[in-house]
Amino acid sequence: MSGPLESDFLVVRRQDLERLTTEVMQMKEFLPRILNHDLLHNVQRLEVAESALEEKELDIEHIRARLQTVQSECVRAKEENLALLLQISVLREQSAQQVDFCTQMGSALCTLLWGVSNREETVKSILGMDTTADFFSLAGQTVSSFVESLADGQDEDSEESRFVLGLAGTITNVAAVPCGRDFLMSSCRDLMEKWIYLLGQIRSGSCSRLKVLILMSLYNVSIHREGLIWMSQYMGLMSQLRQLLTDPDNEVCLHTLRLIQSLVLETDVLHMLWEELQECLPRMTELSHTANSEVQTMAAELVEELRGPMVNT
């Protein structure tokens, strides 16, 4: 039987073997203290944290990719919005140009209509059309919108103002003709109501030409017996006329006095409005001493006409 080969053995010095033995014993003693349950638990927690961190990193990459996509979409949206804003700006400019053109056209047409409507034949032709009532209704709405949008210091010689004056002047001319007064009282009484309402809405000292035209059209309607009775029964008319007597424009005061004089020509209407007329009398007396000769004469006549019934009462 042959012996073991020399290469199967490792020669170790006794001193080294003792040192190794000592170290192994020390490791056996200290390892259980180090490799305890807490350490293992922490290692497990660390592994879980590392796994969660990897997942978060994946989430972050996903969010970063979505962010880049959203940013790209935002850039495109901004570009589209800028393009739309440019289009809106162009459309607004075009719309403003169209509004200006329509206003100029309406001003020119209504001024022409105002001019030709001073003939009775023309008024009869206008009243014979199927759309006349609609035209008067639109005219009232247009004038009302103009009054509501009036701003302080607004130019009364603008195209819009001329447009409105053309409409009001045409209605005044229609009311100056007997058939026109009949038509207004039978088919457009709401327009006359709006006329009276607007007199109270226009500020004192503003739109004097428009107020004069409205007063003239109401004066023309007051010549109509039915129109006279209707106006005398309209609540608030005299209070508005009393306010107009304080207007700084002499033409407004003059035509207000003319309308009041027309209303009180009928005895029954005079009695109906008597108390309200007494409230107007002090201002009429003041106007009878004003510097304007026409206003002075008209006010003096009206005060004199009212003195008779006062003496009789």
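**Close-up views of helices and cysteines**

**View A. Helix H5, a mostly covered helix.** Of the 17 residues in H5, 13 are buried. Please keep in mind that this is a predicted model. The length of H5 also works out nicely: at 1.5 Å a residue, its 17 residues should span 24 Å, and the end C-alpha atoms are 24 Å apart, which agrees.

**View B. Helix H4 from end to end.** H4 takes in residues 132-148. With 17 residues at 1.5 Å each step, H4 should span 24 Å, and its end C-alpha atoms do lie 24 Å apart.

**View C. The two faces of helix H4.** Look here for the buried residues of H4: Thr132, Phe136, Ala139, Gly140, Val143, Ser144, Phe146 and Val147. They cover an arc of only 160° around the axis, so they sit on the same side of H4. Turned away from that buried side is a face carrying Leu138 and Glu148, both exposed.

**View D. What covers the buried residues of H4.** The cover includes helix H3 (120-127) and helix H5 (159-175). Helix H6 (178-187), helix H7 (189-201) and helix H8 (208-222) are also among the elements that cover these residues.

**View E. Cysteines without disulfides.** Searching the whole structure turns up zero disulfides. Cys102 is in no disulfide, and its nearest cysteine sulfur, that of Cys110, is 12 Å away; for a disulfide, the two sulfur atoms would have to be within 2.5 Å. Cys74, another residue to find in this view, is partly exposed, with a relative accessible area of 39%. That value falls between the 20% limit for buried and the 50% limit for exposed, which is why Cys74 counts as partly exposed.

Notes:
Residues numbered from 1 in each chain as written. Predicted model: local features only at pLDDT ≥ 70, side-chain atom pairs only at ≥ 80, totals over all residues. Heavy atoms only, no water. Buried < 20%, exposed > 50% of the residue type's maximum accessible area, 1.4 Å probe, protein only. Helix = DSSP H or I, 4+ residues; strand = E, 2+ residues; numbered from the N terminus. Expected span 1.5 Å × (residues − 1). Arc of directions from axis to C-beta. Contact = heavy atoms within 4.5 Å.
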